Amino acid sequence: MKLLIRGGTVVEPVDGRMLEQDVLLSDGRIAGTGRNLSAAGAEVIDASGKLVVPGLVDMHVHLREPGYEAKETLLTGARAAVRGGFTSVACMPNTNPVVDNAALVSYIKNTAAALGLARVYPVGAISRGSRGEELAEMGHMKKAGAAAFSDDGQPVADAGLMRRAMQYARMLGMTVISHCENKELSLGGTMHEGYVSTLLGLKGIPASSEEVMVARDLLLAEETGCRLHIAHVSTAGSVRLVREAKARGIRVTAEVTPHHFTLTDEAVVGYDTSTKVNPPLRTAFDVAAVKEGLADGTIDVIATDHAPHTIEEKDVEYERAPFGMVGLETAMGLVWTELVVGGVLTPLQAVTKMTLHPARVLNIPGGTLGAGAPADITIIDPAASETVDPSLFESKGRNTPFAGRALKGLPWAAIVGGRLVMVERRIADSLE
Amino acid sequence: MAINGKDLISLKNIPAETIKLILDTAEPMKEIIKRQIKKVPTLRGRTVVTVFYEASTRTRTSFELAAKYLSADVVNIAAATSSVSKGESLKDTARTITSMGADVVVLRHPMAGASELLARTVDASVINAGDGAHEHPTQALLDLFTVREKKGRLEGLKVAIVGDILHSRVARSDIWGYTTMGAEVRLAGPATLMPPGIEKTGARVYNDLEEALEGADVVNILRIQLERQRQGLFPGLREYAVMFGINRDRLKLAAPDALVMHPGPMNRGVEISPEVADGLQSVINTQVTNGVAVRMALLYLLTGGAHIEAAY
């Protein structure tokens, strides 16, 4: 089975090339790139005027299965992923039960693979039940296919346990993804602590809640030599700490979500619970720092922290609502609109942070269009625009504060393993 | 004349002329309270529902009397005895109430933003009777009314608000009300009970209580909740009383005719000494009376204000 993508601008993050070329896919792999390729019997996709990039990788999503299927399932999550242009996602283990053993890692991997949509890479828990008390069976989970380890949703409060987790992960050659939050400092908080929380009368989560844990984990990474990835960086102080750590040679990478580089705590005015996220939306100063971190390379990865919830859970008083917003289906448009059109990143930089970098952090295939690589490709239409309409989401989650927002630069097609799974925001099985 | 908008959620962005209208309307309402027969037919046929998710005898009774003096039908719902305790959401409770034909819903809720959520859900007018640490606009309006009544004006006055500003919805509404009406607001209290960025509201933050009291025309003392001490937000009640309690000596720093105010209920001997609470400068009981008048004015104005002549 062959597919020829003709006439697009090919973006290759590995060597930073952007050239008008054709891409030929054969038997689930990339057969080659070049001008005027021809292949007898190949299906042809006309990508002129569009960007042909390695399949987007979202290394931070919550797919809620097992246990919270009312919020999302592997199927709806995978459909949301490909509609958003993501051909690979890494799902966090805070399900019910928590993914803290090899059997659950295998269950997720196998169930998702059978769907034939986005590739799903389970992240295993650091501690049993993510309770922060004893190490989970990280070795077994690695063998079963876990891509990294994290207690995401919960910080690892015990520094001793975090240190042992990093020592062990280093032995396994795996990355530890840290949800940096000091619970004593964030206790009871529902939004960023600052003038806006004062106005709204909501208890705040100070920037220091994140920063003290970033600092701790950087020190532990330095000591253990473990590869550390800081999830959802939200404050100027965290950006500074990561920048300084990188300069000192610590093996650290960091991610930011589209909502943290797009929105400020002002979005909470009106108490829209879809703005309730953890870490919270910060100030304009923090947003500027995060953008600077993206531009100067301090922040390596853009990830969504896609966190679907049911309408009933979110349609309540702000303090009562769970944290989290969906992100898979708005991410590309927000990156393009805010960062590329906004002049923060070049298209190549943006693509690199959504493909090559997350693939490297997780040590999974992807992030390149080199010959022999898996034929995972996303085609982006920079000229396309849409107004976000949550009723069109493939995700079960409708919890987004971006409803009604006009976005530019949308994923136009997604190809996984050489198979077209999404065209023009429609999933392949619903195509004619 | 009615006030713009369906609801009263917050005093932020309420223009001075609207506040003045409410205070002016409260004056004839106060006259009604003083009559032997305290009832006018103004809101006959209208229904006011009070929904209290937090216990508050003072505010609930004040609204209830205000509605009754205007001849409205009043229903009180206490959350502990309603479907709320069976897990019904605020929105569903609200829909039920309005389906029954309420014209005004008065909501007291422990969570900030609850009245805004309710106002978005229902067609009835919603009055915020206190939502978490957000706002308590009717308390601020009765404070303004009391000060204007006693001082003849609000503009140019120095108002010191003392105590737990962080958790105080009264303080937030007071700040907007006073600053909109041209008064100067000074805030004093323990650093751990001072919300971040509060000075951006236009209020001034004083680390030194005595400096804040210097020449103040109004001293508004906030209730200290014992629970805050248990949360470790300040070291102890005894220390609080010594550092931030208002006693006779401290009060002497304020203007000689300064008014002493407190939204109640008071912790005598903690934030306020008994002789100050019961002293000549105290207008705490007047605040309670004025609360009814101001709430009558609001109910009247929010329901359209069509029959003012009947109120006179």
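# Report on a predicted two-chain model

For chain A, UniProt lists residues 49-236 as "domain: Dihydroorotase catalytic", in an unreviewed entry. The model described here is predicted. Over residues 49-236 of chain A, 39% of the chain is helix and 18% is strand, and the C-alpha atoms at the two ends lie 37 Å apart. For chain B, an unreviewed UniProt entry gives "domain: Aspartate/ornithine carbamoyltransferase Asp/Orn-binding" at residues 155-302. Over that stretch of chain B, helix accounts for 39% and strand for 14%, with the end C-alpha atoms 26 Å apart.

## Sheets and hairpins of chain A

Chain A contains an open sheet of 5 strands, ordered S9-S10-S13-S14-S15, in which the pairing is parallel. Its edges are formed by strand S9 (149-150) and strand S15 (301-302) of chain A, each of which pairs on one side only. S9(A) is joined to strand S10 (residues 175-178) of chain A by 2 bridges in the parallel sense. Within this region, Ser150(A) stands opposite Ile177(A) of S10(A). Helix H4 (residues 159-172) of chain A packs on the sheet and touches S9, S10 and strand S13 (227-230) of chain A. The direction of this helix makes about 145° with that of S10(A).

Further along chain A, strand S17 (residues 406-416) and strand S18 (residues 419-423) run antiparallel and are joined by 4 bridges. Ile415(A) has Leu420(A) in S18(A) as its bridge partner. The two strands S17(A) and S18(A) form a hairpin with 2 residues between them, and Gly417(A) in the turn has a positive phi of about 55°. S18(A) also pairs with strand S19 (residues 426-427) of chain A, in the antiparallel sense and over 2 bridges. Here Met422(A) has Ile427(A) in S19(A) as its bridge partner. S18(A) and S19(A) likewise form a hairpin with 2 residues between them; in its turn, Glu424(A) has a positive phi of about 50°.

## Backbone details in loops

Arg64(A) has a phi near 70°, a positive value in a residue other than glycine. This residue is found in the loop between strand S6 (56-61) and helix H1 (74-83) of chain A.

Cis peptide bonds occur in both chains, as the table shows.

| Cis peptide bond | Omega |
|---|---|
| Asn96(A) to Pro97(A) | near 5° |
| Gly264(B) to Pro265(B) | about -10° |

Pro97(A) lies in the loop between strand S7 (86-91) and helix H2 (102-115) of chain A. Pro265(B) lies in the loop between strand S9 (259-261) and helix H11 (274-277) of chain B.

## The sheet of chain B

In chain B, 4 strands form an open sheet in the order S2-S1-S3-S4, with parallel pairing. Strand S2 (73-78) and strand S4 (125-131) of chain B are the edge strands, each pairing on one side only. On average, and with direction ignored, neighbouring strands of this sheet are turned by 15° against each other. Strand S3 (residues 104-109) of chain B pairs with S4(B) in the parallel sense over 5 bridges. The bridge partner of Val104(B) in S4(B) is Ser125(B). Helix H4 (residues 114-121) of chain B packs on the sheet, where it touches S3 and S4 of chain B. The direction of H4(B) makes about 170° with that of S4(B).

## Helix packing in chain B

Two packed helices are described by the angle between their axes and the distance between the axes. Helix H1 (residues 16-34) of chain B packs against helix H12 (residues 284-302) of chain B at an angle of about 115°, with the axes 7 Å apart. The two helices are therefore roughly perpendicular. Their crossing is right-handed. Residues on the H1(B) side of the contact include Leu21(B), Ile22(B), Met29(B) and Ile33(B), and those on the H12(B) side include Val292(B), Ala293(B), Met296(B) and Leu301(B). The residues of this contact comprise 14 nonpolar, 4 polar and 1 charged.

H1(B) also packs with helix H5 (residues 137-151) of chain B: the axes come within 10 Å and cross at roughly 70°. H1(B) and H5(B) are therefore roughly perpendicular to each other. Among the residues that meet are Ile19(B), Leu23(B), Asp24(B) and Glu27(B) in H1(B), and Leu141(B), Phe145(B) and Arg148(B) in H5(B). The residues of this contact divide into 7 nonpolar, no polar and 6 charged.

Definitions and conventions
Residues are numbered from 1 along each chain as its sequence is written. Chains are lettered from A and ligands numbered from 1 in the order in which they are written. This is a predicted model: local features need pLDDT of at least 70, side-chain atom pairs count only at pLDDT 80 or more; totals for chains, interfaces and linings use all residues. Side-chain values use heavy atoms; hydrogens and water are left out. Axes are lines fitted to C-alpha atoms, for helices over the stretch in contact, and angles run from 0 to 180 degrees between N-to-C directions. Angles under 35 degrees count as roughly parallel, over 145 as roughly antiparallel, 65 to 115 as roughly perpendicular and the rest as oblique. A crossing is left-handed if the near helix is turned anticlockwise from the far one by less than a right angle, and right-handed if clockwise. Contact means heavy atoms within 4.5 Å. Ala, Val, Leu, Ile, Met, Phe, Trp, Tyr, Cys and Pro count as nonpolar, Asp, Glu, Lys and Arg as charged, and the others, Gly among them, as polar. UniProt positions are given in the numbering used here, feature names are shortened, and annotations may be inferred rather than shown by experiment. Two strands pair if DSSP finds at least two bridges between them.
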